[in-house]
Amino acid sequence: MASVHSLASSVNQRVADALASALPEAGAADPLLRRSDRADFQANGILALAKKAKANPRELATTVVEGIPTGGASDVIREIEVSGPGFLNITVSDRAIIETLAARAGDDRLGVPYAANAGTTVIDYAQPNVAKEMHVGHLRSAVIGAAMVEILEFTGEKVIRRHHIGDWGTQFGMLIQYLIEHPHELDHKADGDAEVSGEEAMSNLNRLYKASRALFDSDEEFKTRARARVVDLQAGDAETLALWQRFVDESKIYFYSVFNKLDMDIQDPDVVGESGYNDMLAETCKLLEESGVAVRSNGALCVFFDEYKGPDGNPTPLIVQKSDGGFGYAATDLSAIRDRVGKLGADTLIYVVDARQSLHFKMVFETARRAGWLGEDVQAVQLAFGTVLGKDGKPFKTREGETVRLVDLLDEAIDRAAAVVREKAKDLTETEIGERAVQVGIGAVKYADLSTSAARDYKFDLDQMVSLTGDTSVYLQYAYARIQSILRKAGEAKPAAHPELALAPAERALGLHLDAFGELIAEAAAEHAPHKLAAYLYQLASHYTTFYSECPVLKAETPEQVENRLFLCDLTARTLTKGMSLLGIRTPEKL
């Protein structure tokens, strides 16, 4: 079905047409329409146009108003008045609100259009390290990245996921050498085909990492053997690579168990770690050096920038290859850009990476531009995120000062959610309470992250996250469950739009907010801002709460009013569940 023109776009077009008619020399003028608390919309564009044309703004506004049809049965605008120095206060008709919402309700996509300029985006997110435990610092990249994937795909963008896991480096010499000398350290307790748990896989890796690190630090002969093993790994020795692959596979068992708990779908072909670009590194360096983009400095291959200087005033270079011939992160990241633009055909690259890596990515993007790998038609963006803080406002740690394990955090969120669900549950079995606890707990963690602008730090406060009031996912989930309860109790009455009915103020406010969903999705996608979707959904639930308290649904005055209010309930529920699903959050039918 074709997309639905929102009331805002319909009003905007009518005002723009009247403006062009009143002031032909201005050409296609923007009325600068926005939502207003004085009317449904306010148009502020006349002041600037009048100034430019040396006209009286109030007189121009009056001329514009005379050219806009209002008040008729088929007119979108019910009333329009000139306010102040030349603002237009615009009220749309009740009929237009319900007719527009009915068109949205008739479409599986709720009338949300596909983006006119859809292209191909490669998004790099959820990047844990092999043989290392995932901690609270891994949460934001995963949650923000997954939400952006869903939002962009909903607008029609072709999205290619990339999980750039840390699967290469000198530490593997130590790990592989230890495994050669202690060959059963990664063996599983499970018999036969029994599935290995993520906990067991991580336990094996942790134990092996600690034991190999202790031996590396205390035994010089082992240290020498471990360093020789790094050389074997980089040279592609078959036995060494086979053992390295065991570490990667074992780590994936663990990664996937954590992502599964986060209710995230990570596909194996999308996991392309640092090692995936090894074959390109030498060529990347050669191309940079031959083109003069990178130069040798004390034996290292570096790219210099006038604008980036260290504390001593000297330029801070991007080191692509170290003086010993080893490749830095920059070589891998630049090779990945070559691959993503050249082979995958990306016209947008998004990196969901900690804000503390901003300088690195600025240098990498600038280097890729100089080398011609990022053309003018390709956008490269770091979707930088802030730090997760404890209640004390400091980086989140355990009481012992350790980094918090991500699994422990998620388990605690589910436990807290179980207590909230159990307290409110009227007709849920223990199994259902357990299922809802996971949906509410994981949803609470995701929403707390996504309702904050990515660039800002946020406090991880589970008591607040699972609260039934305030800006939380639980509040949204309860709004959705409440609507489902009303729809179940409606009996013979079915949701149906009745454009002929007059609307109460709370119905109008809810209807106008529902109509803004498509424009909000476009904005969140264009600005890479999932927090704007979270804010919209919270406002939607708040409008619904006001509507619920002021407008009886099943006890409305006439059967037509019952149907129309059920229609508003149903469309609110569909918008909530679609919006929440884009954020990766479930909406249980009963809570």
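**Entry 1: helices H5 and H20**

I began with helix H5, which covers residues 139-154, and helix H20, which covers residues 559-582, and I found that they pack at an angle of about 125° with their axes 8 Å apart. I note here that I am reading a predicted model. Angles from 65 to 115 degrees count as roughly perpendicular and those over 145 as roughly antiparallel, so I wrote down H5 as oblique to H20. I then looked up which residues make the contact, and they are Ala147, Glu150, Ile151 and Phe154 on the H5 side, with Lys578, Ser581 and Leu582 on the H20 side. Sorted by class, this contact of H5 with H20 has 4 nonpolar residues, 1 polar residue and 2 charged residues.

**Entry 2: helices H9 and H13**

Next I turned to helix H9 (residues 238-261) and helix H13 (residues 406-424), whose axes lie 10 Å apart and whose packing angle is about 25°. Because angles under 35 degrees count as roughly parallel, I entered H9 as roughly parallel to H13. I also noted that the crossing in which H9 passes H13 is left-handed. From H9, Tyr254, Val258 and Lys261 meet Leu406, Val407, Leu410 and Asp411 of H13. When I sorted this contact of H9 with H13 by class, I had 5 nonpolar and 2 charged residues, and no polar ones.

**Entry 3: the nonpolar cores**

I then asked which residues have the most contacts inside the largest nonpolar core. That core has 154 residues, and the ones I was looking for are Leu88, Ile90, Phe247, Leu262 and Phe460. I followed up leucine 262 and, leaving aside its neighbours within four places in sequence, I found it in contact with Leu139, Ala142, Val143, Leu406, Leu410, Ile442 and Lys446. Apart from the largest core there lies another core, of 31 residues, and among them I listed Leu301, Leu318, Leu349 and Ala368.

**Entry 4: tyrosine 536**

My last look-up was tyrosine 536, which I located in helix H19, residues 530-550. Is tyrosine 536 buried or exposed? Its relative accessible area is 4%, and since buried means under 20%, I recorded tyrosine 536 as buried. Not counting residues up to four places away in sequence, tyrosine 536 touches His513, Leu514, Ala516, Phe517, Leu520 and Thr575. I also looked up how tyrosine 536 stands to serine 36, and found that the two are 500 residues apart in sequence and 16 Å apart in space, taken from C-alpha to C-alpha.

Conventions. Residues numbered from 1 in each chain as written. Predicted model: local features only at pLDDT ≥ 70, side-chain atom pairs only at ≥ 80, totals over all residues. Heavy atoms only, no water. Core = buried A, V, L, I, M, F, W, Y, C linked by side-chain atoms within 4.5 Å. Buried < 20%, exposed > 50% of the residue type's maximum accessible area, 1.4 Å probe, protein only. Contact = heavy atoms within 4.5 Å. Axes fitted to C-alpha atoms, helices over the stretch in contact; angles between N-to-C directions. Helix = DSSP H or I, 4+ residues; strand = E, 2+ residues; numbered from the N terminus. Left-handed = near helix turned anticlockwise from the far one by under 90°. Nonpolar A, V, L, I, M, F, W, Y, C, P; charged D, E, K, R; others polar.
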